[in-house]
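Have the sequence and the 3D view open side by side. Let us walk through this structure step by step.

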Amino acid sequence: MERKIRVLVAKPGLDGHDRGAKVIARALRDAGMEVIYTGLQQTPQMIVEAALQEDVDVIGLSILSGAHMTLLPKVTQLLKEQQMDDVLVVAGGIISDADAAILKAQHGIAEVFGPGASTQDIIKFIQDHVSVSRE
Amino acid sequence: MNSQDLVARLRAGDRRSLARAITVVETGGPQARELLAAAYPYTGGAHVVGVTGPPGAGKSTLVTALALEWRSRGVSVGIVAVDPTSPFTGGAVLGDRIRMQALGGDPGVFIRSMASRGRLGGLARATADAVAMLDAAGFQVVLIETVGAGQGEVDIARAAHTTLVVEVPGMGDDVQSIKAGVLEIADVFVVNKADREGADKTVRQLRAMLHLADRQPGDWEPPVLTAVATTSTGSAAIVDAATRHLAYLRETGLADARARHAAERELAAAVQELALERLRGQAWHDLVARIARRERDPYGSAEELFNALFPG
């Protein structure tokens, strides 16, 4: 019986750079996860709707535009409204340490991975923090 | 949550319950069987339409255009989009949603991506089960998008009432079109990217191939239609053809015959799964080891196991 880790990789907001998101998608795939990639320019509503339909365990948000303090809390707030707070949310991109601390402490972002984070660390973090027996 | 409750909630339109139910059937095992059993009385209402064709033919875009067309007619649409699982790592990147953005935010649409998880026929083991959940939830049309398929991936013809085969211009000479396989299962042909050079030729070749077929009067003749899915061109005619095909299946009694065949396959698969589950004990593993060493053969061993399960 298989219960694979399902991950939604999404890019909220308007920046058009998705190389990082694709690298992550590929690395998670190679770690045996099922990655749903939604493409660029997603609104928080679109991201949460996709996460709901796909019944994912993890949402990975890649953001380089600088709008992370607006968009990331919006995603976690919508998740809470849908009673989906059991979904692990991680972020990656250009996010300052100060902002990362606030996102983690106040806005339900489990971890923030900056430039130079190794894909192995990200994979391990997800494997360690997803409760696969999430019923 | 027990299966009855989950079915009641997904039937009441709770999308999270529907999503969770699909995960349960995809995972398989006793819980999946219980859920499928609870949902079964509410299935059979949806028109299941398969979309298959080679990688890059525009299946996802066409599925989106067709879903928009059905939505404009007030019909609710469920979508199951299958992408391949890596045979090396067991992982998958499911990217069909990228081209389905236009369907976001519509409560009359539900999209689920599925990894093929080692199945080779173009679908996943649990694709039909996921379709059953969408069907039970009341979606009137369920579109299945297969893995990019070539010549042998014909499972879709069994899973769907109506199979659309998507071709694009310039894919090969006219001998390609009389080979066996995917082209034989088409109820409707769609030549996508019809604004490209060579589309007319592809249409002509497909029509010529169809004329070679030995068709009786009254048999369904698969129409060859053109589309430019990126601009939704041609989708109305395709939806019309799919709808006509379903009516044809019902009028000729073929729908009933297909339902019987499907029921038999479902029963056989369920019996097989249950039997294997009961049989996989210590004796099973001992026999596997002995067969691998060529001390026993699989046929006599199967009989021995079976007789133990059903004495007399």
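We begin where two chains touch, then move into one strand of chain B.

Keep in mind that this is a predicted model. Start at the border between the chains. Here 27 residues of chain B are in contact with 26 residues of chain A. Which elements of chain B give two or more residues to this side? They are α2 (15-27), β3 (92-94) and β4 (109-115). Helix α2(B) supplies the largest share, seven residues. Now sort the chain B side by class. Twelve residues are polar, nine are nonpolar and six are charged.

Next, look at β3(B). Strand β2 of chain A, residues 34-37, pairs with β3(B) in the parallel sense. Three bridges join the two. Find V35(A), and you will see that its bridge partner in β3(B) is V93(B).

Now turn to strand β6 of chain B, residues 162-167. Six of its six residues are buried, so the strand is largely enclosed by the rest of the structure. In a regular strand, side chains alternate between the two faces of the sheet. Check both faces of β6(B). On one side sit T162(B), L164(B) and V166(B), all buried. On the other sit T163(B), V165(B) and E167(B), also buried.

Which strands pair with β6(B)? One is β1(B), residues 47-52, which runs parallel to β6(B) over four bridges. There, V49(B) has T162(B) as its bridge partner. Another is β7(B), residues 188-191, also parallel and joined to β6(B) by four bridges. In this pairing, L164(B) stands opposite V188(B).

Key: Residues numbered from 1 in each chain as written. Chains lettered and ligands numbered in written order. Predicted model: local features only at pLDDT ≥ 70, side-chain atom pairs only at ≥ 80, totals over all residues. Contact = placed C-beta atoms within 7 Å. Nonpolar A, V, L, I, M, F, W, Y, C, P; charged D, E, K, R; others polar. Pairing = 2+ DSSP bridges. Buried ≥ 20, exposed ≤ 12 C-beta atoms within 10 Å, placed from the backbone.
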